[in-house]
Amino acid sequence: MKKTKKATPVERSVSEPEISAYQRALRDRLLAAPVVPAPAPWRPVFEYAYGVPVGGLLGIGFASHPDSGHDLVMVVSHDGHGLFDAVTGEKTARDRDPDPEDSTPDAVADLSCPGLGPIAGSRVRIAGLFGGGLPTTTGDGWTLEAVTPAWPNHRVLLSVDGGLPHSGPYGEQWWHLFHSTYSELRAFGFSPSGETIAVATSSDVSLWTRRPEHGKGRVARH
């Protein structure tokens, strides 16, 4: 009988330091922070706490509506492409059967997909499963970051204190905005305008805006 070589057990690197008391205290502080609503002037765009379900979500990207100026969020999934108004939450366009060469952003170097609906004829860069990213800061001091004090579940934090280590009081300078306990985090960040926050997982997309709502279903004009 041919003998197989016994695998060498994985050993901890001798150069890897133990977690420090400071790191342990920071992790404990993050673990103790509950999910809370976003502070003013931010408000959720969708009715449900975890946004809207999007099965098999691969990534998201931002564009601007050519008429209203609203941020638009393009969602790419295994079921096609969709476009949401980030102020009203309205689904403004849907393509269930995009061309195969444009169905996912990995087909091109800039990770983009063709726009649809009001942004047809343009291309939208998509951040998510295939790479890319969204802005994590705004010009007026808001910051987003994803942390994993209990890996692999991501927590998305919003802050005005410059980010970790969050020495300021919780609920006044930093907030635990989203906790991904059931799906993989795909992308998170601000729109280029800084008026929208987006968090996308493999199963849903959540949005917050700081544009005022002028009646349900009506377009806010500024």
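Student: Why is Phe 84 called buried?

Tutor: Phe 84 has 7% relative accessibility, so Phe 84 counts as buried. Buried means under 20% relative accessible area, exposed over 50%, and partly exposed in between (1.4 Å probe, protein chains only). This is a predicted model, where local features need pLDDT of at least 70, side-chain atom pairs count only at pLDDT 80 or more, and totals for chains, interfaces and linings use all residues. Residues are numbered from 1 along each chain as its sequence is written, and side-chain values use heavy atoms, with hydrogens and water left out.

Student: What makes Phe 46 and Phe 84 an edge-to-face pair?

Tutor: Rings of Phe, Tyr and Trp (its six-membered ring) pair if their centres lie within 6.5 Å; planes under 30 degrees apart are stacked, over 60 edge-to-face, and the rest tilted. Phe 46 and Phe 84 lie 5.7 Å centre to centre with 80 degrees between the planes, which fits edge-to-face. Phe 46 is buried too, because its relative accessibility is 10%.

Student: Tyr 170 and Trp 174 also form an aromatic pair; is Tyr 170 buried or exposed?

Tutor: Neither: Tyr 170 has 27% relative accessibility, so Tyr 170 counts as partly exposed. Trp 174, with a relative accessible area of 2%, is buried. Their rings are edge-to-face, 4.6 Å centre to centre and 70 degrees between the planes.

Student: How do you know that strands E4 and E5 pair?

Tutor: Strands (E, at least two residues) and helices (H or I, at least four) are DSSP runs, numbered from the N terminus. Two strands pair if DSSP finds at least two bridges between them. Six bridges join E4 (residues 71-77) to E5 (residues 80-85), so they pair, running antiparallel.
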